[in-house]
Amino acid sequence: MLRHHLAHRRSLARLLVLAVASFAFTGAAAPPPQGASPSAYGARDSSAPSSPCKFRPSRSTTGARGDLTSSAVTTLDSGQRLEDASVQSLEVVGSDVTIRNVSVAGSIMVLGDRVRIRRVTAQGIGISSASDVSVVRSRIAASPDDGIHITSDREALVRNITLRHNLVHQPQTPSENHYDGTQVRGVDGLSITCSTYRAGRYHENFNAAVFLEHANGGTSNVEVRDNWLFGFAFSVMVDATNATFTGNKIGGDIKWGPCLLLGASGNAGFTSSGNTWAETGRPVDLCKQG
């Protein structure tokens with residue numbers, strides 16, 4: 001279901017090559033020296049959750065739980081609710097929809113406004129030209145594409161998206177695709193907080209835990225706060241206006257460094273502060289912003 005909205009993925013291989021080639025000129029922190037201990041990049045993390053977060057998302061605190069009823073539902077229209085169910089896939093075509101405590105064998109595609117997703121297990125979630133969507137306490141795993149993909153690809157800008165207390169991990173990306181924990185291609189208003197992104201051992205298909213891309217009307221007014229960002233080529237890739245990165249813990253098997261700034265948007269209003277290495281608690285000068 002997500003594949004139609006992810007046809008651009010093959011071009012990201014070229015983008016990442018260009019990104020790495022320009023790495024020294026973007027103000028990102030330098031990659032670790034050859035042979036350096038992986039602990040320098042926070043390979044292990046025994047830290048407690050940041051105080052603003054009620055808990056650190058894990059298998060036990062996210063996703064569907066309890067007794068679920070098998071359902072043949074694949075489409076949800078306006079005003080509908082789906083709870084305590086197990087389904088193959090879901091497409092939300094209407095507005096004012098609630099999905100709660102549902103296990104999805106495949107992915108969820110959201111096309112409608114005012115959609116609430118809570119305690120869901122799925123391979124991936126796509127949000128296409130929709131507004132006022134929240135994804136909370138959900139477990140996104142084993143995706144062949146992005147974990148969460150947000151795109152303004154239907155002639156309307158995505159607005160007001162909340163991603164909170166989610167676990168996005170265990171990508172299973174084929175060689176022809178590339179993987180971001182959350183990729184954003186056009187949004188006005190996005191909050192990513194108190195979530196865990198864990199890619200595992202680095203693979204050449206992995207881009208970033210969070211990739212804010214200047215596409216489909218631009219990406220602006222983004223908050224990325226108090227998350228655990230582990231692994232990937234870069235922890236974050238940023239090409240957005242008014243983007244703020246605060247209080248994130250960085251670690252895992254990072255190939256190049258914690259941040260890559262891309263320049264199409266100019267990155268006006270970009271700020272970062274209080275970001276730290278997960279293992280040591282030492283500050284991360286994220287994109288040379290503090």
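In this predicted model, the protein chain exposes about 11,700 Å², and carbon and sulfur atoms supply 47% of that area.

**Exercise 1. The chain as a whole**

Task: Find what the secondary structure of the protein chain comes to, and what percentage of its residues count as buried.

Solution. Begin with the secondary structure, which comes to 1 helix and 25 strands. Next, turn to burial: of the 290 residues of the protein chain, 56% count as buried. Finally, look at how the chain meets itself: among contacts between residues at least 6 apart in sequence, 59% join residues at least 24 apart.

**Exercise 2. The open sheet**

Task: State the order of the strands in the open sheet of 9 strands, and then identify which strands are its edge strands.

Solution. Following the sheet from one side to the other gives the order S2-S4-S6-S8-S11-S14-S17-S20-S23, and the pairing is parallel. The edge strands are strand S2 (75-76) and strand S23 (257-261), since each of them pairs on one side only. As a last step, examine how S23 is held: strand S20, made of residues 234-238, pairs with S23 in the parallel sense over 4 bridges, and methionine 237 stands opposite leucine 260 in S23.

**Exercise 3. The nonpolar cores**

Task: Determine how many residues the largest nonpolar core has, and which residues have the most contacts inside it.

Solution. The largest nonpolar core has 57 residues, and those with the most contacts inside it are Ile99, Ile108, Leu190 and Leu212. Apart from this core lies another one, of 7 residues, among them Ala208, Phe211, Phe234 and Leu260. To see the surroundings of one residue of the largest core, take leucine 190 and set aside residues up to four places away in sequence: leucine 190 then touches Ile150, Ile161, Leu163, Val184, Leu212, Asn221, Val222 and Glu223.

**Exercise 4. Two polar residues in loops**

Task: Decide whether aspartate 146 and asparagine 227 are buried or exposed, and find which backbone atoms their side chains reach.

Solution. Start with aspartate 146, which lies in the loop between strand S10 (139-141) and strand S11 (148-151). Its relative accessible area is 0%, and because buried means under 20%, aspartate 146 is buried. The side chain of aspartate 146 reaches the backbone nitrogen of aspartate 180 at 3.0 Å.

Now consider asparagine 227, whose place is in the loop between strand S18 (219-225) and strand S19 (228-230). Asparagine 227 has a relative accessible area of 1%, so it is buried as well. The side chain of asparagine 227 reaches the backbone oxygen of isoleucine 192 at 3.0 Å, and it also reaches the backbone nitrogen of serine 195 at 2.9 Å. Leaving aside neighbours within four places in sequence, the residues in contact with asparagine 227 are Ile192, Thr193, Cys194, Ser195, Gly247, Asn248 and Lys249.

**Exercise 5. The disulfides**

Task: Identify which cysteines are joined in the 2 disulfides of the structure, and work out which parts of the chain each pair ties together.

Solution. Recall that a disulfide is a covalent bond between the sulfur atoms of two cysteines. One disulfide joins cysteine 53 to cysteine 194, with an S to S distance of 2.1 Å. Cysteine 53 lies in the loop between helix H1 (12-21) and strand S1 (69-70), while cysteine 194 lies in the loop between strand S15 (187-193) and strand S16 (196-198), so this pair ties together parts that are 141 residues apart in sequence. The link of cysteine 53 and cysteine 194 is left-handed, with -90° about the S-S bond, and both of these cysteines are buried.

Another disulfide joins cysteine 259 to cysteine 287, with an S to S distance of 1.3 Å. Cysteine 259 lies in strand S23 and cysteine 287 in the segment after strand S25 (276-277), so the pair ties together parts that are 28 residues apart in sequence. The torsion about the S-S bond of cysteine 259 and cysteine 287 is about 40°, and therefore this disulfide is right-handed. Cysteine 259 counts as buried at 0% relative accessibility, and cysteine 287 counts as buried at 3%. With bonded cysteines counted along the chain, the disulfides follow the pattern 1-2, 3-4.

Definitions and conventions:
Residues are numbered from 1 along each chain as its sequence is written. This is a predicted model: local features need pLDDT of at least 70, side-chain atom pairs count only at pLDDT 80 or more; totals for chains, interfaces and linings use all residues. Side-chain values use heavy atoms; hydrogens and water are left out. A nonpolar core is a set of buried Ala, Val, Leu, Ile, Met, Phe, Trp, Tyr and Cys residues joined through side-chain atoms within 4.5 Å. Buried means under 20% relative accessible area, exposed over 50%, partly exposed in between (1.4 Å probe, protein chains only). Contact means heavy atoms within 4.5 Å. A polar contact is a pair of N or O atoms within 3.5 Å; within protein, one must be able to donate a hydrogen and the other to accept it, and residues adjacent in sequence count only if both atoms are side-chain atoms. Accessible areas come from the Shrake-Rupley method with a 1.4 Å probe; for residues, only the protein chains shown count as cover. Two strands pair if DSSP finds at least two bridges between them. A disulfide is a pair of cysteine sulfur atoms within 2.5 Å.
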